[in-house]
Amino acid sequence: MAGIKALVGLSFSGAIGLTFLLLGCALEQYGVYWPLFVLIFYVLSPIPTFISRRLSDDDSSSNACRELAYFLTTGIVVSSFGLPIVLARNNTIRWGACGLVMTGNAVIFLTILGFFVVFGGGDDFSWEQW
Amino acid sequence: MSGFLDGIRCGDCECNVDWGERRNTIASIAAGVLFFTGWWIIIDAAVKYPDQGQFHHAYHTCGVIATVAFLMINAVSNGQVRGDSYSEGCLGQTGARVWLFIGFMLAFGSLIASMWILFGGFVVPQKPAVYPGIAVFFQNAFIFFGGLVFKFGRTEDLWQ
């Protein structure tokens with residue numbers, strides 16, 4: 001199992017991602033806080049994968065539960081990019097803020113993926129690791 | 001700093017697995033992108049044109065039926081339709097075939113309906129804002145193709 005250094009690196013990239021999100025809200029030329037709703041998508045995104053890993057230990061090549069989890073996770077990721085675009089097209093937020101939020105999204109989702117790759121892989125994934 | 005990246009195992013992640021096993025993952029992700037992009041297109045159109053005169057709210061029915069069709073098509077596995085899965089399920093093989101038939105009919109029907117809405121509701125009456133009609137069409141097209149990719153892009157062979 002990977003150690004402290006990976007954890008520190010991932011928490012750093014997570015902080016950078018949240019910084020981008022907050023810059024998109026709090027900079028003087030933007031000033032509206034609607035983009036913070038993407039935080040809901042950040043929190044929801046690992047849940048389908050956790051549930052499917054918990055429910056089914058089947059590591060064979062076709063596993064319907066895992067594929068459904070990937071489908072739903074992709075949907076949550078797409079939604080977190082779709083929300084700033086819809087807000088910007090409706091002039092609720094500026095396009096510059098939209099760009100910052102989408103950059104923050106990309107960094108956060110790469111961080112979450114990094115968590116799964118570093119800490120979640122292997123046949124003996126079990127809750128005792130926590 | 002010397003061991004900073006030691007914990008990240010790039011070499012022995014699942015990248016070594018051959019494409020046969022990755023196919024299901026890629027198909028699931030592609031289907032997710034298509035399906036949810038379709039819904040965000042219609043959300044965008046609904047936000048930009050909230051007025052009933054510009055975008056009649058009944059046109060949303062098309063996307064809802066397409067989503068129901070997506071769920072119906074993907075609720076049955078190909079194995080249940082062929083009859084070679086371990087359990088019969090609630091409806092049996094014939095029931096699974098009827099369910100799949102109805103699901104595909106709803107899917108094709110909603111795609112045709114979306115084209116009808118675009119041309120009959122927006123192009124022919126020469127409405128000033130055609131974008132809602134285009135959005136309905138693209139929503140249903142994306143949901144339809146997302147359903148196809150999710151159904152046929154994945155393989156159910158348990159051994160490769």
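**Helical organisation, cavities and selected residues of chains A and B**

A:Asn63 lies in the loop that links helix H3 (47-55) to helix H4 (64-89) of chain A. In this predicted model, A:Asn63 is buried, its relative accessible area being 7%. Its C-alpha atom is separated by 37 Å from that of A:Thr19, a residue 44 positions away along the chain.

The loop of A:Asn63 belongs to a chain built from five helices and zero strands. Read along the sequence, the elements of chain A give the pattern α-α-α-α-α. Chain A comprises 130 residues, of which 43% count as buried. Among the contacts of chain A with a separation of 6 or more, 67% are made by residues 24 or more positions apart.

An unreviewed UniProt entry lists residues 6-23, 30-48, 68-88 and 100-120 of chain A under "transmembrane region". Two of these spans were examined in the model. Residues 68-88 of chain A are 100% helix and 0% strand, with end C-alpha atoms 31 Å apart. The span 100-120 of chain A is likewise 100% helix and 0% strand, and its end C-alpha atoms are 29 Å apart.

Between H4 and helix H5 (95-120) of chain A lies a loop that contains A:Asn91. Although A:Asn91 is not a glycine, its phi is positive, at about 60°. A:Asn91 is exposed, with a relative accessible area of 66%, whereas A:Asn63 is buried.

The cysteines were then considered. The count of disulfides over all chains is zero. A:Cys25 takes part in no disulfide, and the nearest cysteine sulfur, belonging to A:Cys98, is 12 Å away. A:Cys98 cannot be assigned a bond to A:Cys25 because their sulfur atoms, 12 Å from each other, are too far apart; the cut-off for a disulfide is 2.5 Å. Both residues are nevertheless shielded by the protein chains: A:Cys25 is buried at a relative accessible area of 0%, and A:Cys98 is buried at 1%.

Chain B also has five helices and zero strands. From the N terminus on, its elements run α-α-α-α-α. Chain B contains 160 residues, and buried residues make up 39% of them. Of the contacts in chain B between residues at least 6 apart in sequence, 75% join residues at least 24 apart.

For chain B, the "transmembrane region" annotation in UniProt, again from an unreviewed entry, covers residues 26-46, 58-77, 98-123 and 129-150. Residues 58-77 of chain B are 80% helix and 0% strand, and the C-alpha atoms at the ends of this span lie 32 Å apart. Over residues 98-123 of chain B, the chain is 100% helix and 0% strand; here the end C-alpha atoms are 36 Å apart.

A search of the whole structure finds two cavities of 30 Å³ or more. The largest cavity has a volume of about 70 Å³. Its lining is formed by B:Ala66, B:Ala69, B:Phe70, B:Ile73, B:Ala107, B:Ser110, B:Asn140, B:Ile143, B:Phe144, B:Gly147 and B:Leu148. Helix H2 (60-75), helix H4 (92-123) and helix H5 (131-152) of chain B each contribute at least two residues to this lining. H5(B) gives the most, with five residues. By residue class, the lining of the largest cavity divides into eight nonpolar, three polar and no charged residues.

Helix H2 of chain B also holds B:Asn74. B:Asn74 counts as buried, at 17% relative accessibility. When neighbours within four places in sequence are set aside, B:Asn74 is in contact with B:Gly147, B:Phe150, B:Lys151 and B:Arg154. One of these partners, B:Gly147, is also among the residues that line the largest cavity.

A further position in chain B concerns backbone geometry. B:Gln126 has a positive phi of about 55°, although B:Gln126 is not a glycine. B:Gln126 is placed in the loop between H4 and H5 of chain B. With a relative accessible area of 68%, B:Gln126 is exposed, whereas B:Asn74 is buried.

Definitions and conventions
Residues numbered from 1 in each chain as written. Chains lettered and ligands numbered in written order. Predicted model: local features only at pLDDT ≥ 70, side-chain atom pairs only at ≥ 80, totals over all residues. Heavy atoms only, no water. UniProt positions renumbered as here; feature names shortened; annotations may be inferred. Helix = DSSP H or I, 4+ residues; strand = E, 2+ residues; numbered from the N terminus. Buried < 20%, exposed > 50% of the residue type's maximum accessible area, 1.4 Å probe, protein only. 1 Å grid on protein atoms, 1.4 Å probe; cavity = no way out; pocket = protein on both sides within 12 Å on 5 of 7 lines; lining within 4 Å. Points joined across faces, edges and corners; volume = space filled by probe spheres on them. Nonpolar A, V, L, I, M, F, W, Y, C, P; charged D, E, K, R; others polar. Contact = heavy atoms within 4.5 Å.
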